[in-house]
Amino acid sequence: MQSKTTDAQIKRMADLLRQGAALTDLACPACGSPLFRLKDGTLWCGKDEKKVILIKEGEEETKVTTNATMDKLEATLMTKMQDLQAKIEKTDNVEEIEKLTAALSEVLNSLEKVKRMKKS
Ligand SMILES: [Zn+2]
């Protein structure tokens with residue numbers, strides 16, 4: 001395991017998803033992390049916290065890195081899903097439940113994408 005993703009980085013990525021950013025099937029050329037597409041269309045690396053401009057896509061090398069990253073991401077998303085589930089179970093606050101289920105739905109969407117990408 002190299003360049004372990006820290007809790008802070010995972011949290012930032014989760015925040016991006018909550019803010020409406022979409023997980024893409026592209027990997028950051030610098031660190032191999034999956035890239036997010038922000039609402040304005042900008043590609044964003046949640047790990048480096050910077051804008052990424054991709055010139056070429058779909059190269060074999062990128063794909064290998066992506067698969068390793070996807071495994072890691074899938075495990076992270078599963079953990080987040082369990083966290084959210086536990087929080088939903090504990091709260092009676094309707095607003096909070098709405099927020100949590102929205103987040104859960106984003107996590108599920110991302111998880112679905114990760115699974116699809118791993119298959120392709
Ligand atoms: Zn990066």
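In what order do the 4 strands of the open sheet run, and is their pairing parallel or antiparallel?

1. Sheet order. The strands of this predicted model form an open sheet in the order β1-β2-β3-β4, and the pairing is antiparallel. At the edges stand β1 and β4 (50–51), each of which pairs on one side only.

2. Overall layout. The protein contains 3 helices and 4 strands. Read from the N terminus, its elements follow the pattern α-β-β-β-β-α-α. The protein has 120 residues, of which 23% count as buried. Among contacts with a separation of 6 or more, 43% are between residues 24 or more positions apart.

3. The N-terminal helix. Helix α1 covers residues 7–18, and its end C-alpha atoms are 16 Å apart. This agrees with expectation, because 12 residues at 1.5 Å a residue should span 16 Å. Just after α1 comes Gly20, whose phi is positive at about 100 degrees.

4. The β1–β2 hairpin. Strands β1 and β2 form a hairpin, with 6 residues between them. Gly32 lies in the turn and has a positive phi of about 80 degrees. The two strands run antiparallel and are joined by 3 bridges. Across this pairing, Leu23 is opposite Phe36 in β2.

5. The largest nonpolar core. Leu23 and Phe36 also belong to the largest nonpolar core, which has 9 residues. The other members are Ala21, Leu26, Ala27, Cys28, Leu35, Trp44 and Cys45. At least two residues of this core come from each of β1 (22–27), β2 (34–37) and β3 (43–45). Strand β1 gives the largest share, 3 residues. As general background, nonpolar side chains in soluble globular proteins tend to be buried together.

6. Contacts of Trp44. Once residues up to four places away in sequence are set aside, Trp44 touches Leu16, Ala21, Leu35, Phe36, Leu38, Lys51 and Val52. Of these partners, Ala21, Leu35 and Phe36 are listed in the largest core, as is Trp44.

7. The second core. A separate core of 7 residues is also present, with Leu73, Leu77, Leu84 and Met117 among its members. Met117 is one of the buried residues of helix α3.

8. The long-range view of α3. Helix α3 spans residues 94–119, 26 residues in total. The distance from its first C-alpha to its last is 37 Å, close to the 38 Å expected at 1.5 Å a residue. Its buried residues are Leu100, Glu106, Val107, Ser110, Val114 and Met117. In an α-helix, residues three or four places apart point the same way, because there are 3.6 residues a turn.

9. Leu104. Which environment does Leu104, a residue of helix α3, have: buried, exposed or partly exposed? Leu104 counts as partly exposed because it has 17 C-beta neighbours inside 10 Å, while 20 or more would make a residue buried. Apart from neighbours within four places in sequence, Leu104 is in contact with Met81 and Leu84. Leu84 is itself a member of the second core. Lys80 is 24 residues from Leu104 along the chain, and their C-alpha atoms are separated by 8.2 Å.

Notes. Residues numbered from 1 in each chain as written. Predicted model: local features only at pLDDT ≥ 70, side-chain atom pairs only at ≥ 80, totals over all residues. Expected span 1.5 Å × (residues − 1). Buried ≥ 20, exposed ≤ 12 C-beta atoms within 10 Å, placed from the backbone. Core = buried A, V, L, I, M, F, W, Y, C linked by C-beta atoms within 7 Å. Contact = placed C-beta atoms within 7 Å. Pairing = 2+ DSSP bridges.
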